[in-house]
Protein chains: 2
Amino acid sequence: MKKIEVKKGQILQRKGDVNSKLYRVESGLLRSYSISDKGKEHIYMFAPENWIIADSVAPDEPCDLFIDAIEPSIVWQEDKAQHLAHDVPKLIKRINVLQKRVIMLMCASALERYEHFLATYPDIVQRVPQKMIASYLGITPEALSTVRRKRPQKA
Amino acid sequence: MKKIEVKKGQILQRKGDVNSKLYRVESGLLRSYSISDKGKEHIYMFAPENWIIADSVAPDEPCDLFIDAIEPSIVWQEDKAQHLAHDVPKLIKRINVLQKRVIMLMCASALERYEHFLATYPDIVQRVPQKMIASYLGITPEALSTVRRKRPQKA
DNA sequence: CACACTTCTTAATCTACATTAATGCACCGG
DNA sequence: CCGGTGCATTAATGTAGATTAAGAAGTGTG
């Protein structure tokens, strides 16, 4: 359990690394993402204050995801094995969130996905560039732009 | 821990049920699926012999998914809480699989998803109707039909 | 056996989103 | 102060897959 200061853009984990750590964000903003064969970046999740971010592989297996900092951040580095063993309900919750996301990706339109993103990360919209939101939603920045234009305005 | 005989088409769990059980398939084939607001069915997973299938919610919360039998099956009904507590690595493995699936849904074409399905469930293709495979892939049966036609034939 | 019923396929048309390209802006370093 | 670089937006054109519709083949039921 170690406190780390992370600069904007600094990479904490690369695909292929073996990383037995996870990161609890005290302040700032991290993200995890994959890079496809075709070289496209897809953001898997954002981790603002109090979120935990990690690659969900066994502590001794190579990672699938990159993790880096979108903002300068303070994070606690913890041991995956130790931390997770205690918290089965949290793991189940995580699976449940993923389950919902899979189902959403299978049936929701770009607009619906955007609305869901806003609900999931209410205060992230202002903090990250549009292209990252598009990357999280699995659409292009251009498509996101038109979605935002057409979107029923609330408040 | 109870052995159950399940008829083809029999429903083990409905959306909204509170179900503290999970199911280990001894023989046969189960599936879990959701039904969207628009009434569309999306298969979330298949569970052939030796697989475990359940809704990933806390044992005391209402379920998101339906579970039913595609073939007449013999399943062991077990207690979620009890079973899962023992097996943190299995939970992590599950999260990892979901992580990969989310990423795939974000960037893979219908063809790539179909190939991945074949790799994941090598002996299911013959056992379920095409429309269920399409439902699992998040495409229409018509689209699956053309994918199969165009697909690079192997052996 | 005949009949309804479901599944699978094929083809024509439609649509959401991708791609490409052009423009306007903000930010940054010289 | 100016020119570069990256981001957001808009519009045009392209395309994967949805929708619709029809017919062929299989399956269970009276």
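Visitor: Which helix supplies the largest share of the surface near DNA strand C?
Guide: That is α5(B), with 4 residues; "near" means a heavy atom within 4 Å, and a helix is a DSSP run of H or I, at least four residues, numbered from the N terminus. This is a predicted model, where local features need pLDDT of at least 70, side-chain atom pairs need 80 or more and totals use all residues, while side-chain values use heavy atoms, without hydrogens or water. Residues are numbered from 1 along each chain as written, with chains lettered from A and ligands numbered from 1 in written order.

Visitor: What makes B:Arg149 a polar partner of DNA strand C?
Guide: A polar side-chain atom of B:Arg149 lies 2.9 Å from a phosphate oxygen, and a polar contact is a pair of N or O atoms within 3.5 Å, so this pair qualifies. A side-chain N or O atom of A:Thr140 is 3.0 Å from a phosphate oxygen of the strand, and a polar backbone atom of A:Ala110 is 2.7 Å from one.

Visitor: Why are α3(A) and α5(A) called roughly perpendicular?
Guide: Their axes, lines fitted to C-alpha atoms with angles from 0 to 180 degrees, cross at roughly 80°. Roughly perpendicular covers 65 to 115 degrees, so the name fits.

Visitor: Which residues make that contact?
Guide: A:Ala110, A:Leu111 and A:Tyr114 of α3(A) meet A:Leu144, A:Val147 and A:Arg148 of α5(A), with heavy atoms within 4.5 Å.

Visitor: Why does the same name suit α3(B) and α4(B)?
Guide: These helices of chain B pack at about 110° with axes 10 Å apart, so they too are roughly perpendicular.

Notes. Helices (H or I, at least four residues) and strands (E, at least two) are DSSP runs, numbered from the N terminus. Angles under 35 degrees count as roughly parallel, over 145 as roughly antiparallel, 65 to 115 as roughly perpendicular and the rest as oblique. A polar contact is a pair of N or O atoms within 3.5 Å; within protein, one must be able to donate a hydrogen and the other to accept it, and residues adjacent in sequence count only if both atoms are side-chain atoms.
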